[in-house]
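This report covers selected local features of one protein model. Topics run from helix packing to single residues, and then to totals and confidence.

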Amino acid sequence: KMGGNISVENNADEVVSLEVHADGKVIEESKDRLEPGDKARKEATWLTPGKGYTLIVKLGEGTNESEASQYFFAPEVDDVSFKVTDLLDMKQLRLLEIEHLLDEILPGVRIEDRVFHAKTYPRCFVANELVTYLVVHRLAEDVDEAVKKCNVLVDCHIFEHVVEKQPIDNRYLFFRIRENHKLMESRMKSLEADQLSNNTRTSGMRFRSYTADRNASIKGLEGWLEKKSKIGLWQKRYFRVLMGAESKLGNHLAYFESTTAIAPKGIIPCTEIDLVDIYEHSKNSRTFTLTMVDSHTGKKDYLLRAPNADICASWLGALKPFARSLSAVDVVSRSALVFVLKDEVLRNFAKLLTLKTFKKGDWICRLGDRADDFWLLREGSIAIYIRTRDGQEKFYCKQKPICFFGESVFLNQDGKIPVRKASCKAMEDCAMLVMSKKSRELFLKDHKGVIGQLHLLLESGISRVIGQVPFFPPSLKPADLQKLKLGLHYRSLVPNQVLFYEGDRGHDFYIVYAGELKIVHYDSKSNEEIVLKTVGKSECFGEIALLLSGIPRTATVIATQPTLLLVLHEETFKAFLKMAQLDINIVMRKRIVNTFKQYHIPFFQAIPEERVQNLAEECQVETFHKGESIFEEGDDGDNFYIISFGEVAVHVGGNIIAKLGQGKYFGEIALVVEDTPRTASCKATKDTVLLSMSKTSFRGFFADRPEALADVELKIAGRKCQIRSIMYHPKGVELFTSFLKKQYAEESMEFWHDVRAYRKVAISLNPEEDPESDKKIQEKAESLVERYIREGSDRQVNISSDMSRDIIAEVEAGEANAGTFVNSEKEVITLLSRDKLSLFKQSPEFKDLMAIVGGYEVNASTKAKGGRKRGGSRIDIELDATCRPVSPSAKSKSKLKQQEGDRSSSSLKQG
């Protein structure tokens, strides 16, 4: 459908009537009448993208009525808003229509240097070829509609005749694209060489069609091939792959007499192709066969010949996914063996494989059996059973094509026959390709050099790569490593092959064994493919799929080189963790570390690189499904959260006041402020992975670095900070002392400093090493008593008389020790917190301290509209009347940029 809703506002001074016609009849759902200032909103379910309609706009009533009409092809857009004045001049509607037609028509434009009457016309396309493309692919109902669509682009000067100004017609006319047209500048970047539709004398270009759907991605796959007839003659035909939406016949391969023929000479149903393979007797590898299933009513085999080997390979790559079965060569080519067995060696290997079938429930082999044979799974799925630590044989994992087992027969060099390390059972009807001992010996006799390469690929190489992957803990035991290798399966890719598309459901984790891939995102606005990252050997990706089953992929992954992947399925991963007795938090530790590094959490910035790993050890990985509550407003706050993947909505008073994405964090006040209830509710709006840290873990991490903890506490808590944070912060204690001097109360701070210094000395002195240590401790204690404790002393501190008496008695008895002044130190701090802390927080010195540590504030407008102040955190999100976030003004953006380090933490995010 057109997509979403259509909104219309009558900004004219007269009554307006609107209606849309299709096929000469008015669409009742489209009719509307708007008074001046009125707005209407309709769900556009009655518009079909690409179909032609007539919009009629009537302004005024009676004799003063005027009318404007426009025929248009419905665009496919999200929610769209119009004003009546826009509809009267039709410019906005026409622009939407043109952008839709460009996306629809350009993939069918084949740009070549054309020759006519000995004259060359560079970079142009043929009108009737494009018209045919639109009709054949059901993008136009007939030739007339196809011509009409193309002429919309002629009228706006995107298409133009190479000689003179004239419209497109269903004739052999040359047209060019105005490449400097503002709507074409970004789209010209998607031009690519088009091998399939080339003839032998030209070099063509076609616009790439970006899509997340494989079937749609091969729309426009077409070109010249020769088809062998029943009497053995080669007939040149133009072949096109037509998908289900383009034909009532479903997916099929159609062949035509010419590039402009609309009716096919014949069709080959893709759903009835059993096997696609290179013709055994093909010269130059440019002939291939299509073998049909037994139920096919036409020919059982089709023999097709391409202009060259490259074009043949392109057709094979496009058609093989439709085939129900794979040839032995295909099976080996799609397995990891393709990285060792090349060309003729691979074919020789495939010839020695024999087919064996198993019914659902059949045992293929049992643990402990002689491992004489090598097996490749062509069709179906098998279950792997292994012996656990308690000696029981239990289900471990499921394997699908193309997997193999029994590779140990290639690895043992001592002549001993190995035994099976696992049992295999058919989970459904299976087809296996088997190489017997006799065939294996025959193959190795002719190809002795393969042994070393196979050992590197299947044994030492895989162990080395797994050891380099930071995802798995280095402490993995050899027995557990063997279980992990058994649960992995290989996936080989050729250059430009797509591993998965953005939006596909994810269930697997990938390790790059060899080769390289690019991770890309398609930007619909710029019509460009944006490369986000490249991954190479020993790198991994997709681990989120192990935590959240079926999570949609956030990008498309494409091989840029011949690539071999090790694949771990989510269920196998869970079984492996259980059998190896591993904690998910240990396995995911590398991702946790990367999260800290990548998202630059401001109050963790001062932590040294070597200690980030220790910080990660204090975190837990938590998963929440869409709609699941993380915590509710009023709950006790004990945990801090970082969003590793997904999105969280923050609710205050039932209103969503913020949405936090990947890399954002919330709940940090709970780490440093005691007994803090949540002031907002947080709920996952998508499947989400969070890293959480408890208050206990947080304080434990900073136990040996009180100064660092104080800095973090001050950053987070701000005006809600406790006196401990100030006293342990170097600048904080300096500014607090300066404030106390103004209050004539600095003796308490002096006492605190001196007794801390005394305690450190007392702890460090060892009587065995220094016989004078007790005397030194006694002398220092007496000095402190005379200065701060005795009645009438110069700097007497405000502690209870009972406590003063106990300290004096202990010192006079010669029993001074490291704990003599501990209670008095605590009491002084308690009194400072009670009497002076609140005054200090209102002083210029405290303001200076917040400026130094980067404390946060809450802006007034947010507090007024529902955002609550949490400690010292700052909310800089503007809210509208309904408490929805809105974009800040340019002035606000400038201010936010200056305070970027603080912005990421807000009381909204803290919850």
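In this predicted model, the buried residues of helix H28 pack against helix H20 (706-717), helix H21 (723-728), H22 and helix H27 (837-840). H28 spans residues 844-853, and its buried residues are Glu845, Phe846, Leu849, Met850 and Val853. Around the axis they cover an arc of only 140°, which puts them on the same side of H28. Pro844, Lys847 and Ala851 are exposed and sit on the face of H28 turned away from the buried side. As a general matter, an α-helix has 3.6 residues a turn, so residues three or four places apart point the same way.

H22, one of the partners of H28, also packs with helix H23. H22 covers residues 730-742 and H23 covers residues 747-764; the angle between them is about 145° and their axes are 9 Å apart. On the H22 side the contact is made by Val733, Phe736, Thr737 and Leu740, and on the H23 side by Met749, Trp752 and His753. Sorted by class, this contact has five nonpolar residues, two polar residues and no charged residues.

Helix H8, residues 343-351, has Leu346, Phe349 and Ala350 as buried residues. Viewed down the axis of H8, the buried residues fall within an arc of 100°, so they line one face of the helix. Their packing partners are both helices and strands: helix H7 (328-334), strand S23 (374-379), helix H9 (408-411), strand S28 (430-435) and helix H10 (437-446).

Serine 325 lies in the loop between helix H6 (309-319) and H7. Is serine 325 buried or exposed? Its relative accessible area is 12%, and serine 325 counts as buried because the cut-off for that class is under 20%. Leaving aside residues up to four places away in sequence, serine 325 touches Asp274, Leu275, Arg378 and Glu379. The side chains of serine 325 and glutamate 379 are joined by a polar contact of 3.3 Å. Arginine 378 is 53 residues from serine 325 in sequence, while the C-alpha to C-alpha separation of the two is 7.9 Å.

Arginine 110 is located in strand S8. Arginine 110 is buried, with a relative accessible area of 6%. Its side chain makes a polar contact of 2.5 Å with the side chain of glutamate 112.

Some backbone geometry also deserves a note. The peptide bond from proline 401 to isoleucine 402 is cis, with omega near 0°. Isoleucine 402 is in the loop between strand S25 (393-399) and strand S26 (404-405). Two residues other than glycine with positive phi are set out below.

| Residue | Phi | Loop between | Relative accessible area |
|---|---|---|---|
| Aspartate 23 | near 55° | S2 (16-22) and S3 (25-34) | 66%, exposed |
| Histidine 117 | about 50° | S8 (110-116) and S9 (119-126) | 70%, exposed |

Histidine 117 thus belongs to the loop that joins S8 to S9, and arginine 110 is in S8.

Totals for the protein follow. The secondary structure comes to 32 helices and 46 strands. Of the 911 residues, 52% are buried. Among contacts with a separation of 6 or more, 66% are between residues 24 or more positions apart.

How confident is the predictor, and where is the pLDDT under 50? The average pLDDT is 82, and 86% of the residues score at least 70. Over residues 210-217 the pLDDT stays under 50, and the model has 18 contacts beyond four places in sequence for this stretch. Residues 856-911 also have a pLDDT below 50; this stretch makes 131 contacts in the model beyond near neighbours in sequence.

Notes:
Residues are numbered from 1 along each chain as its sequence is written. This is a predicted model: local features need pLDDT of at least 70, side-chain atom pairs count only at pLDDT 80 or more; totals for chains, interfaces and linings use all residues. Side-chain values use heavy atoms; hydrogens and water are left out. Axes are lines fitted to C-alpha atoms, for helices over the stretch in contact, and angles run from 0 to 180 degrees between N-to-C directions. Helices (H or I, at least four residues) and strands (E, at least two) are DSSP runs, numbered from the N terminus. Contact means heavy atoms within 4.5 Å. Ala, Val, Leu, Ile, Met, Phe, Trp, Tyr, Cys and Pro count as nonpolar, Asp, Glu, Lys and Arg as charged, and the others, Gly among them, as polar. Buried means under 20% relative accessible area, exposed over 50%, partly exposed in between (1.4 Å probe, protein chains only). The arc is that of the directions from the helix axis to the C-beta atoms. pLDDT is the predictor's confidence in each residue, from 0 to 100. A polar contact is a pair of N or O atoms within 3.5 Å; within protein, one must be able to donate a hydrogen and the other to accept it, and residues adjacent in sequence count only if both atoms are side-chain atoms.
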